[in-house]
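Here are a few notes from my pass through the model. Have a look at it first, then see whether you read these spots the way I do.

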Amino acid sequence: MPETTGGRAPVRTRIAPSPTGDPHVGTAYQALLNYAFARKHGGAFVLRIEDTDRARSRRSSEEAILGSLRWLGLDWDEGPDCGGPFAPYRQSERVDACREAAERLLAAGKAYRDHGGEAGGASAIRLRTPSSGRVELPDRLRPGLTKDWASVDDPVLLKSDGFPTYHLANVVDDHRMEISDVIRGEEWIASLPKHLLLYEALGWEPPSFWHVPLLRNDDRNRTKLSKRKSPTSIDFYRQAGFLPEALLNFLGMLVWTRAEGEEKFDRETFVANFELTSISLAGAVFDTEKLAWLNGRYLREDHDAAGVARLLRDWRFDDRTLEAAARLAQPRMRTLGDFAPLAGFLFAGGEVPRRDAEALAGGRAPAEAAEWLLLAEWALEELDGFTEEGVHRALRAVADSLGIGLGRFTRPLYLALSGSASSTPLFGSMVLLGSALTRMRLRRAREALGGVSRRRQKELADRRGR
RNA sequence: GCCGCUAUCGUCUAGGGGUUAGGACGGGUGGUUCUCAGCCAUCAAACCGGGGUUCGAAUCCCCGUAGCGGUACCA
């Protein structure tokens, strides 16, 4: 079946990431599909920031997302950085439109105020949904989908703090930006009735919906088959020395196979040939082994030695990084030849230097070391910006909360990062390595130490909360 | 629990009423090579289960099962 657009011209697709946490490969995957669909049909690809969750949204996360997508070779026609005819492209800067829409629905009796929660508190606005009957869900990849209205509860449109939920914000933004095709993850299928009803209540024509399968096997235990956990942060792959074209190719490979069997292809080939209607509807496991193989092919086939040297310089062997590493290693060097053994771990990928649990624990009980690593990971994760001073402060705070000295606390961290107890100073090394790589090594070491049970993690998290 | 989606080698997939069910990653074996990597050759490896429909089902239908998603004033 040939792929057709939603019937609207021109085609406009979008990706609407929430600026929280690390830029996720799943975001890149969906961005690629939206990008390719728009490009293939000569339309526009819009990047919009859906920062409706004020508590967790961060400007630095937004920049990280834009940077990661650009690094992958994706570009957009409209967005918060480059503007466009439907600016602003940040939801937080256009909450008024959402409030107006909610008020309009309220006035028309299609929505109602919900006084719940705290007595005398502000009220939320909910959409009134039918209590019986069945809706047809026009998913372009799954014909014949239906759902009982009885299984759909009234969604909150405007929270009592006056900010819109995803449901309202997305419908309002998609309409105002004249999005023709919404290509999003299948986790949204269940709330499609709400979105459809919203369009109808507002008197707007809904776009076409394409719900694509989710990537599997990120940081949760996805399958019984593959026990290894894949890193999901785009930054990790970047810092670990993967090439953007290989990562993008890999993401495309998950949904498109060429008849001839060649799995290496560039962005343009993918855009020109892939069909959204023919993607597999089963969620694909993100197989880092295969990614690594593909990356190797790019390295060998697309570059000569001089090119690889250039890649190396761009990656980590630039003067600035080298100088920073030299500063860390210098006090410990007797000959220039001491540099590589001392600082080599700063120029390696994501694998922890292989150590057995006992060696990694550095004289402590492995279980205790694992917990310290976990606490360090959490503290580092919350850091806004990854500077030496910030890292120092964060780790000091953890050590204090543990009631132990910083030196004692950081010993397992040195081992996790470098595999050696005698290495360059920790905080500077972490900054050079980068947040994603640092945290991945801590995580790997933690797993090598036997990990921390889920129950214990919860206890530690609760204790932190207080 | 309830609602929904999905189901081909361990993984990504091709195919699709009659095929030796094809390719790639990973794994095994052999060759090339100063080791390794690479490259070449080669082997093992799959249609979730049960009922239908049919001369014939992996393919169509139904029922199970499993995985995943949703069931938030998260997105």
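**Notes on a loop residue and two helices**

1. D153 counts as exposed because it has 11 C-beta neighbours inside 10 Å, and the cut-off for that label is 12 or fewer. Bear in mind that this is a predicted model. As for its place in the fold, D153 sits in the loop that links β6 (145-148) to β7 (156-158).

2. If you want a distance to go with that, try H195: its C-alpha atom is 12 Å from that of D153, with the two positions 42 residues apart along the chain.

3. Next, α11 (residues 319-329). Which of its residues are buried? They are A325, L328 and A329. Looking down the axis of α11, these fall within an arc of 90°, so they line one face of the helix. That fits the usual geometry: an α-helix has 3.6 residues a turn, so residues three or four places apart point the same way.

4. What does that buried side of α11 pack against? Its partners are α12 (339-343) and α17 (426-433). On the face turned away from the buried side, α11 carries the exposed residues D319, R320 and E323.

5. Then there's α18 (residues 435-448), where 13 of the 14 residues are buried, so the helix is largely enclosed by the rest of the structure.

6. The length of α18 checks out too. At 1.5 Å a residue, its 14 residues should span 20 Å, and the end C-alpha atoms are 20 Å apart, which agrees.

7. One backbone detail to finish: just after α18, G450 takes a positive phi of about 105°.

Definitions and conventions:
Residues are numbered from 1 along each chain as its sequence is written. Chains are lettered from A and ligands numbered from 1 in the order in which they are written. This is a predicted model: local features need pLDDT of at least 70, side-chain atom pairs count only at pLDDT 80 or more; totals for chains, interfaces and linings use all residues. Helices (H or I, at least four residues) and strands (E, at least two) are DSSP runs, numbered from the N terminus. A residue is buried if 20 or more other C-beta atoms lie within 10 Å of its own, exposed if 12 or fewer, and partly exposed in between; C-beta atoms are placed from the backbone. The arc is that of the directions from the helix axis to the C-beta atoms. Two residues are in contact if their C-beta atoms, placed from the backbone, lie within 7 Å. The expected span of a helix is 1.5 Å times one less than its number of residues.
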